[in-house]
Amino acid sequence: MNRSEELLNELKINRRGIQAVKKRRWPWIVGALAVLVMAFFLLRGGKALEVETVNPRSAAESGPASVLDASGYVTARRIATVSSKITGKVKEVYIEEGQRVKAGEILARLDVQDADAQYRLSQSQLASSESQLAEARAQLALAESNYARNRELGAKQLVSRQALDAAKAERDSRAARLNSLQKSVNVSRDQLGVSALNIDNTVIRAPFDGVIVAKAAQPGEMISPISGGGGSIRTGIGTLVDMDSLEVQVDVNEAYIGRVTPEMPVQAVLNAYPDWKIPGAVIAIVPTADRSKATVKVRVALTSKDSRIVPDMGVRVSFLEQKNENKPLTGFWVPNGAVLKDGNATYVFTITDGKAVRTAVTVAESNDSESRISKGVAKGDSLVATPDKDLKDGAKVVRKADAGQ
């Protein structure tokens, strides 16, 4: 073999050697994987799952159940944008957001210069009219005296018939002028009253008791009861809300509106205070539907008057069934999340000796949030609130509250 053939042989790959090495490695790899899998399942089986628990609530001892849950907002039936009756420049503003005011309390003042000038002009016009009236009275008295004298002379035929007629016409003319001037005086007095009213209209007062929720104008700005366009003229000093008129408006799906009736008891929970349950009742079902949302508006009155309740707050309303004293409910209420189904079978997981035990139950009724279990659970049982889909019968569990102890 020459040198070239030896070099070529050195470049060849020994495939038989590689295959032999691979065959020797495979058993070791498979064994290591088997050990890891076994260790994983052993560790998982030994560690308890952390779960949230819940205790069944006695249906007989609890209040009426919810037949429907819906979301809505707090609204005010009495809310007003307080404005002036006249157009004018704001001189002073006495309100701030959150301020409580009484009916008739002064909220702001407008510049009174123009109204005051008009009032003084009306006073002068009234004085002038009264002066002319006094002059007309004197002239009428003179005309009546002349007519009486001419009538006496006419009876003695000492004056002509023409002179007597002229004296009578003069008297009647003066009487008519006096009547006209009397009406002019009345008009001037009315104008003076209007001018005084315009001065009073420069003072803006609260129409009812409430809380200022928005301040819309500042001194120096123009304000008018009619929008001037362009945003240069304000249409109000501020927004006033009567907090005693607060209620809840809820949009109920039209498919479930049949469950709601007037004066039906409700329980409201504000989004801002989830632990505060506010009792109330249905005021009315507004007899119209929203075509775009397929909902019907329901008005709800809250029995609690509290400063924490403010307009436009989000609220969750539970419509409660009427409690029947003759037929008390039996069984226990549990959250819907704790009840599972397997075909036609319904079951829950109860916790016994640190293990999850699958327990068959009978559901008597359900609403949007809870189910009433008539058979399968007892008072004092501890249930898994939201069982994981991997939770098995007999699995070790521990409450999350006890997991760190």
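Strands β16 and β17 pair up antiparallel, with 7 bridges between them. Keep in mind that this is a predicted model. From that pair we'll work outwards to the neighbouring strand, the nonpolar cores and a handful of aromatic rings.

**Around β17**

- β16 and β17 make a hairpin, with 4 residues separating the two strands. In the turn, alanine 294 has a positive phi of about 55°.
- Going by the bridges, aspartate 290 stands opposite threonine 295 in β17.
- β17 also runs antiparallel to β14, and 6 bridges join those two. Here threonine 295 turns up again, as the bridge partner of asparagine 253.
- How much of β17 is buried? The strand is mostly covered, with 6 of its 8 residues buried.

**The nonpolar cores**

- The largest nonpolar core has 27 residues. Val248, Leu270, Ile309, Val317 and Phe319 are the ones that touch the most other members.
- Strands that each supply at least two residues of this core include β14 (246-253), β16 (277-290) and β17 (295-302). β4 (66-76), β15 (265-270) and β18 (314-320) do so as well.
- There's also a second, separate core of 16 residues. Val82, Val93, Phe208 and Ala217 are among them.

**Aromatic pairs**

- How many aromatic pairs are there? The count comes to 2.
- One is tyrosine 273 with tryptophan 276: the ring centres are 6.1 Å apart and the planes sit at 80°, so this pair counts as edge-to-face.
- Tyrosine 347 and phenylalanine 349 form an edge-to-face pair too, at 5.8 Å centre to centre with 85° between the planes.

**Buried or exposed?**

- Tyrosine 273 has 31% relative accessibility, so it counts as partly exposed. Its ring partner tryptophan 276 is buried, because its relative accessible area is 17% and the cut-off for buried is under 20%.
- Tyrosine 347 comes in at 12% relative accessibility and therefore counts as buried. Phenylalanine 349 is buried as well, with a relative accessible area of 3%.

**Arginine 308 and two rings**

- Which ring has the charged end of arginine 308 sitting over it at 3.8 Å from the centre? That's the ring of tryptophan 276.
- Arginine 308 also lies over the face of tyrosine 273, where the distance to the ring centre is 5.5 Å.

Note on methods:
Residues are numbered from 1 along each chain as its sequence is written. This is a predicted model: local features need pLDDT of at least 70, side-chain atom pairs count only at pLDDT 80 or more; totals for chains, interfaces and linings use all residues. Side-chain values use heavy atoms; hydrogens and water are left out. A nonpolar core is a set of buried Ala, Val, Leu, Ile, Met, Phe, Trp, Tyr and Cys residues joined through side-chain atoms within 4.5 Å. Buried means under 20% relative accessible area, exposed over 50%, partly exposed in between (1.4 Å probe, protein chains only). Two strands pair if DSSP finds at least two bridges between them. Rings of Phe, Tyr and Trp (its six-membered ring) pair if their centres lie within 6.5 Å; planes under 30 degrees apart count as stacked, over 60 as edge-to-face and the rest as tilted. A charge sits over a ring if NZ of Lys or CZ of Arg is within 6 Å of the ring centre and within 35 degrees of the ring normal.
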